[in-house]
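Let's take a friendly walk through one protein structure. Keep the 3D view open as you read.

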Amino acid sequence: MNEEVFTVIEIAREWKLSADTIQRWFVEEPGVMVIVSDLLKRRKRRVKRTLRIPASVKDRVWRLRCNPGRRHD
């Protein structure tokens, strides 16, 4: 599979949105690769999620967010 893959930061910059917003929008989208790291930081355990978003998923979410009243299957 040779599909281009994007990071949360790349999409956030392109769409002029916060990385937190992009993370929320994509974290449960089918097709998104979620890399989970268990971190121990200052005696508090937290989970870090790194997303890799294929171009087809990025395009689908863009269409859905631009036209929330229409379905694009």
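## First, a word to know

A residue is called buried when its relative accessible area is under 20%, exposed when that area is over 50%, and partly exposed in between. Phe26 has a relative accessibility of 0%, so Phe26 counts as buried.

## How far to trust the picture

What you're looking at is a predicted model. The predictor's confidence score, pLDDT, averages 88 for the protein, and 85% of the residues reach 70 or more.

The score varies along the chain. Among the elements, strand E1 (residues 5–6) has the highest mean pLDDT, at 98, while strand E2 (residues 33–41) has the lowest, at 81. Where pLDDT is low, the predicted coordinates shouldn't be read in detail.

## Helix H3 and its hidden face

Now find helix H3, which covers residues 55–66. Does its length add up? Let's check: with 12 residues at 1.5 Å a residue, H3 should span 16 Å, counting one step less than the number of residues. The C-alpha atoms at its two ends are 16 Å apart, so the model agrees with the expected span.

Which residues of H3 are buried? They are Ala55, Val57, Lys58 and Val61. Looking down the axis of H3, you'd see these buried residues fall within an arc of 160°, so they line one face of the helix. The cover over them includes strand E1, helix H1 (8–15), helix H2 (19–26) and strand E3 (44–54).

Lys58 deserves a second look. Its charged end sits over the ring of Phe6, 4.3 Å from the ring's centre.

## A cluster of rings

Next, the aromatic rings. How many aromatic pairs does a search of the whole structure find? The search turns up 3. One of them joins Trp15 and Trp25: the ring centres are 6.4 Å apart and the planes meet at 50°, so this pair is tilted. The pair links distant parts of the chain, with Trp15 in helix H1 and Trp25 in helix H2, 10 residues apart. Is Trp15 buried or exposed? Trp15 counts as buried because its relative accessibility is 11%. Trp25, with a relative accessible area of 21%, is partly exposed.

Trp15 also pairs with Phe26. Here the ring centres are 6.0 Å apart and the planes are at 40°, so the pair is tilted. This pair also links distant parts of the chain: Trp15 is in helix H1 and Phe26 in helix H2, 11 residues apart. Together, Trp15, Trp25, Phe26 and Trp62 form one aromatic cluster.

## Far along the chain, together in space

Let's finish with a couple of meetings between parts of the chain. Pro30 lies in the loop between H2 and E2. With a relative accessible area of 57%, Pro30 is exposed. Pro30 and Val57 are 27 residues apart in sequence, and their C-alpha atoms are 7.8 Å apart in space. If you skip residues up to four places away in sequence, Pro30 touches Val57 and Arg60.

Ala19 is in helix H2, and it counts as partly exposed because its relative accessibility is 27%. From Ala19 to Val8 is 11 residues in sequence and 6.0 Å in space, C-alpha to C-alpha. Leaving out neighbours within four places in sequence, what is Ala19 in contact with? Its contacts are Val8, Ile9 and Ala12.

Key. Residues are numbered from 1 along each chain as its sequence is written. This is a predicted model: local features need pLDDT of at least 70, side-chain atom pairs count only at pLDDT 80 or more; totals for chains, interfaces and linings use all residues. Side-chain values use heavy atoms; hydrogens and water are left out. pLDDT is the predictor's confidence in each residue, from 0 to 100. Helices (H or I, at least four residues) and strands (E, at least two) are DSSP runs, numbered from the N terminus. Buried means under 20% relative accessible area, exposed over 50%, partly exposed in between (1.4 Å probe, protein chains only). The arc is that of the directions from the helix axis to the C-beta atoms. Contact means heavy atoms within 4.5 Å. Rings of Phe, Tyr and Trp (its six-membered ring) pair if their centres lie within 6.5 Å; planes under 30 degrees apart count as stacked, over 60 as edge-to-face and the rest as tilted. A charge sits over a ring if NZ of Lys or CZ of Arg is within 6 Å of the ring centre and within 35 degrees of the ring normal.
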